[in-house]
Amino acid sequence: MRNINLEGLGKISGGEYDIISVEGVGDITGDIKVSKLTVEGVLKCNGAIEAEEMNIEGVITLNKSVRVKELQIEGVVNQKNEKIEADHIYCEGVLNSEGEISADKIEVEGNISAPEVYGEYIKIDNYRHMLNKDVHFNIFGFGFHNKKGRDRSSVKVMEATTIELSNVRAGSVRGNNVTIGANCVIEEVECDGSLFIDPRAKVGKVNGQAQR
């Protein structure tokens, strides 16, 4: 399979690849299957992605669905309307999604914004000193700017077996073992297992047979 290292401006056609590395500014024009995708620059994807591993240290815009085993985010991921499916997502950057995010294990230490997040284990533990930082890239004279500018991650619906949250705003949180940490604002929690709510959190309704 082919390897591609894009250091300047360019386009990558659909197909099967071993390794794709983007250090410049690029477009993926079709569906791809790749072992490893690394983005340190700026990449726009207009096709679906199937990957073993994705490492995002720059900025990537995803206009189609993504299926990946391991997704590591230190930069910015913008997902448009489609679905991200993964075995494991680790984010200490920014993950903005207009569609569903689904993974067995989701760990967020940066910022996540999505309408729906599903998994077996979800941990969102934002650090306030990170949330007000700007993410800025300047590559070959092109400026790319994504301001975090939010003091909390935001998810409308979240469901998992085990959920651990801090600095999160959510509409509905459903799980068997749920920890609502400091500075969370949750409209509704549904839990039939163990439930802990930090006194510094704001929770509207609690449903289910939770043990507190």
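Student: Which residues line the largest pocket?

Tutor: In this predicted model, the largest pocket is lined by Met1, Glu16, Tyr17, Lys33, Val34, Ser35, Glu50, Ala51, Glu52, Arg67, Val68 and Lys69.

Student: How do I find empty space like that, and how much of it lies in the largest pocket?

Tutor: Here is the general idea: rolling a probe the size of a water molecule over the atoms shows where empty space is left. In this structure, the largest pocket holds about 150 Å³ of space.

Student: Which strands each supply at least two residues of that lining?

Tutor: Look at strand 3 (15–22), strand 5 (32–39), strand 7 (49–56) and strand 9 (66–73). By residue kind, the lining divides into six charged, five nonpolar and one polar.

Student: Let's try a single residue. Is Asn78 buried or exposed?

Tutor: Compare its relative accessible area with the cut-off: buried means under 20%. Asn78 is at 16%, so Asn78 is buried. You will find Asn78 in strand 10 (residues 76–79).

Student: What joins the side chains of Asn78 and Asn96?

Tutor: A polar contact of 3.1 Å links these two side chains.

Student: And where is Ala201 found?

Tutor: Ala201 sits in the loop between strand 19 (185–197) and strand 20 (202–207). Its relative accessibility is 13%, so Ala201 counts as buried too.

Student: Which residues does Ala201 touch, leaving out those up to four places away in sequence?

Tutor: Ala201 touches Ile180, Gly181, Asn183 and Cys184. Now try Val185: Ala201 and Val185 are 16 residues apart along the chain, while 6.1 Å separates their C-alpha atoms.

Key
Residues are numbered from 1 along each chain as its sequence is written. This is a predicted model: local features need pLDDT of at least 70, side-chain atom pairs count only at pLDDT 80 or more; totals for chains, interfaces and linings use all residues. Side-chain values use heavy atoms; hydrogens and water are left out. On a 1 Å grid over the protein atoms alone, a cavity is a set of points where a 1.4 Å probe fits but cannot get out, and a pocket is an open set with protein on both sides within 12 Å along at least five of seven lines; lining residues have an atom within 4 Å of a point. Grid points are joined across faces, edges and corners, and a volume is the space filled by probe spheres set on the points. Helices (H or I, at least four residues) and strands (E, at least two) are DSSP runs, numbered from the N terminus. Ala, Val, Leu, Ile, Met, Phe, Trp, Tyr, Cys and Pro count as nonpolar, Asp, Glu, Lys and Arg as charged, and the others, Gly among them, as polar. Buried means under 20% relative accessible area, exposed over 50%, partly exposed in between (1.4 Å probe, protein chains only). A polar contact is a pair of N or O atoms within 3.5 Å; within protein, one must be able to donate a hydrogen and the other to accept it, and residues adjacent in sequence count only if both atoms are side-chain atoms. Contact means heavy atoms within 4.5 Å.
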